[in-house]
Amino acid sequence: MSALVAHPRVQLVLRLLLGALFVYASLDKIASPAAFAKVIYQWQVVGPVPSNLVAVTLPWIELAAGLLLLAGAWKREAALVVALLLVVFIAAAALVMARGIDVQNCGCVSVTANTAPSAWPPAWTKGVGWFLVARNLLLLGVAMALVVVTPVRRPAPLALPVPTE
Amino acid sequence: MAVDWKRFILILVAGASLGLAWNAGSGRGMALGQSVLVQAGDELVATRAGKVLLDQGALFLDARPRDFWRMSRIPGALPLPEEDFERAFQEAEPRLRRASAVVVYCSGYGCEASHLVARKLREKGFAAAILDEGLPAWQDAGLPLDEEPRS
């Protein structure tokens, strides 16, 4: 398993996927900070003014870390920032679930209100619940793989010694 | 190769600073100092001041879905759910016309319904204050609720 994760191509794919996801997730929030602030406030984890501060700063941290991952610069540090964010998201989701608060749109990627209930994607993929926690744990695993594992190049096959006569 | 903590901190600080700078300078920013639910023209009333208004005979309106009002409500409150505004407004209008003061509340925190209902009332010519932090703050302050089920 660790050998697989350490493979340079696997590392590249994980890095690009995680980077692209975080860049994508930041864009809608940057475009509509007030809508994102409302969603954060609905989580009831922080009050109205801290919600605003998180809404204004968090998407830019996601964007910065995501772009660094895509570019392959400061890979470990950018992945560690992503891991830190995911730990915060998981802890906040656990708090929301423990208190029995119903958050129908987690604001993870899109913050615009979904007024019309649509069949796909199903509601349980959008709200705060076990699906969100499982998804973030998976992403946390990917981020930590990028932090911890050093890519190992398989040594090139040795040139056969030319038999001398 | 270990993690360079200076870079780690720099990503966090640079990201947050960019966000604050964009909010201040892009022209698309938002006001940070107050709840995002509050707009110009909204009048907020704190829990204690709300209790004083209630004792003075103010009309309280419950902006939550009607089923919540049926279970419990601030004493004397009428249902005025945001999603059923027009119908409920017609029921409440005679009381609204007689009311000395009107306070709208919902379930606090990120609940926007009280703000939306107060704005709709304003459009219809009725001034209505919004109970700040709504019902949870009311309960936390130990203020009374009417918990007799209604149909």
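Helices (H or I, at least four residues) and strands (E, at least two) in these legends are DSSP runs, numbered from the N terminus. This is a predicted model, in which local features need pLDDT of at least 70, side-chain atom pairs count only at pLDDT 80 or more, and totals for chains, interfaces and linings use all residues. Residues are numbered from 1 along each chain as its sequence is written, while chains are lettered from A and ligands numbered from 1 in the order in which they are written.

**View 1. Chain A, with six helices and zero strands.** Following the sequence, you will meet the pattern α-α-α-α-α-α in chain A. The radius of gyration of chain A (taken over C-alpha atoms) is 20 Å, well over the 15 Å that the globule rule (2.2 Å times the number of residues to the power 0.38) gives for 165 residues, so chain A is more spread out than a compact globule. Its C-alpha atoms fill a box of roughly 85 × 30 × 25 Å along the principal axes. Of the 165 residues of chain A, 36% count as buried, meaning that 20 or more other C-beta atoms, placed from the backbone, lie within 10 Å of the residue's own.

**View 2. Helices α3(A) and α4(A) packed together.** Here α3 (residues 33–43) and α4 (residues 48–71) of chain A pack at an angle of about 130 degrees, with their axes 8 Å apart. Axes are lines fitted to C-alpha atoms, for helices over the stretch in contact, and angles run from 0 to 180 degrees between N-to-C directions. That makes α3(A) oblique to α4(A), since angles under 35 degrees count as roughly parallel, over 145 as roughly antiparallel, 65 to 115 as roughly perpendicular and the rest as oblique. Look for A:Phe36, A:Ile40 and A:Tyr41 among the α3(A) residues that meet α4(A), where the partners include A:Val54 and A:Val56. Contact means C-beta atoms, placed from the backbone, within 7 Å. By class, this contact has nine nonpolar, two polar and no charged residues (Ala, Val, Leu, Ile, Met, Phe, Trp, Tyr, Cys and Pro are nonpolar, Asp, Glu, Lys and Arg charged, and the others, Gly among them, polar).

**View 3. Where chain A touches chain B.** At this meeting place, 28 residues of chain A are in contact with 26 residues of chain B. On the chain A side, α3, α4 and α5 (75–98) each give two or more residues, and α4(A) supplies the largest share, 13 residues. That side divides into 19 nonpolar, six polar and three charged residues.

**View 4. Chain B, with six helices and five strands.** From the N terminus on, its elements run α-β-α-β-α-β-α-β-α-β-α.

Terms used:
Two residues are in contact if their C-beta atoms, placed from the backbone, lie within 7 Å. A residue is buried if 20 or more other C-beta atoms lie within 10 Å of its own, exposed if 12 or fewer, and partly exposed in between; C-beta atoms are placed from the backbone.
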